[in-house]
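Work through the exercises below with the model open. Each one sets a task and then solves it in steps.

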Amino acid sequence: MMTLIRLFAVMDRKSEVSLQSAHRYIKLPTALAEIARRYSGGQDPLPSALATCSTARTKFLSVYGRVDFAAFRRIQSFRNGQIAHIAWPDAEKAKVTYSEVEMVVRACCEMAGQLTLMISGNNDEPEEHLNEARHDAYEFWLAAIAADAEGRL
């Protein structure tokens, strides 16, 4: 449930700081030069800085273009109308699937990674952390299910 709330927060188009507001900004004609200057610590950017920022910008726009906004609207509707008062059996009726949430979360992670690269030069990819957390959760639940089946819980 918390993932849905936070997912909406990072994608909120009305928010001043969100991935949708970043998308609007980086499409501006002056954005690439401004981003490359920021990447270069306020100095005139070298051609390599412009190339790095341009590549990251292109990747960001590509990922943004693949976001399933129909699924995001269902997540938004679920968050706005149901999440505060929902019990788990009702969550399954909300028409928001785990795979839809995962796709939007992965897109957000990838866009955040490209933004981080553009403004700081750091290659800290949030998706790598997501993959590690997913693997850890899988291992935990696999062990818990096995322990339960063996009567050890």
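**Exercise 1. Find the salt bridge of E150 and classify both partners by accessibility.**

Solution. This model is predicted. Start at the side chain of E150: it meets that of R152 in a salt bridge, with N to O at 2.7 Å. Next, take the accessibilities. E150 has a relative accessible area of 54%, over the 50% cut-off, so E150 is exposed. R152 has 55%, so R152 is exposed too.

**Exercise 2. How many salt bridges does a search of the whole structure find, and how is D44 engaged?**

Solution. The search finds three salt bridges. One of them joins the side chains of D44 and R37, at 2.7 Å from N to O. D44 is exposed because its relative accessibility is 60%. R37 has a relative accessible area of 37%, so R37 is partly exposed.

**Exercise 3. Analyse the pair E102 and R106 within helix α7.**

Solution. First, the bond: E102 forms a salt bridge with R106, and the closest N and O atoms are 3.0 Å apart. Second, the spacing: both residues lie in α7, four residues apart, or about one turn of the helix. Third, the exposure. E102 is partly exposed, at 26%. R106, at 18%, falls under the 20% cut-off and therefore counts as buried.

**Exercise 4. Check the length of helix α7, then state what follows the helix.**

Solution. Helix α7 covers residues 98-120, which is 23 residues. At 1.5 Å a residue, the helix should span 33 Å. Its end C-alpha atoms are 32 Å apart, so the values agree. After α7 comes G121, with a positive phi near 85°.

**Exercise 5. Decide how many disulfides the structure holds, and examine C108.**

Solution. The structure holds zero disulfides. For C108, the nearest cysteine sulfur is that of C109, 7.1 Å away, and C108 is in no disulfide. C108 counts as buried because its relative accessibility is 7%. C53 is also buried, at 0%.

**Exercise 6. Locate K27 and list its contacts beyond four places in sequence.**

Solution. K27 sits in the loop between α2 (19-26) and α3 (31-39). Leaving out neighbours within four places in sequence, K27 contacts R57 and L61. Now compare sequence with space for K27 and L61: they are 34 residues apart along the chain, with C-alpha atoms 8.5 Å apart.

**Exercise 7. Which residues make the nonpolar surface patch of about 390 Å², and where is I145?**

Solution. F140, W141 and I145 make the patch. I145 belongs to helix α8 (residues 126-149). With a relative accessible area of 57%, I145 is exposed.

Terms used. Residues are numbered from 1 along each chain as its sequence is written. This is a predicted model: local features need pLDDT of at least 70, side-chain atom pairs count only at pLDDT 80 or more; totals for chains, interfaces and linings use all residues. Side-chain values use heavy atoms; hydrogens and water are left out. Helices (H or I, at least four residues) and strands (E, at least two) are DSSP runs, numbered from the N terminus. Contact means heavy atoms within 4.5 Å. A disulfide is a pair of cysteine sulfur atoms within 2.5 Å. Buried means under 20% relative accessible area, exposed over 50%, partly exposed in between (1.4 Å probe, protein chains only). Patches are made of residues with over 30% relative accessible area and no salt bridge: like charges are joined within 9 Å, nonpolar side chains (Val, Leu, Ile, Met, Phe, Trp, Tyr) within 5 Å. Accessible areas come from the Shrake-Rupley method with a 1.4 Å probe; for residues, only the protein chains shown count as cover. A salt bridge is a side-chain nitrogen of Lys or Arg within 4 Å of a carboxyl oxygen of Asp or Glu. The expected span of a helix is 1.5 Å times one less than its number of residues.
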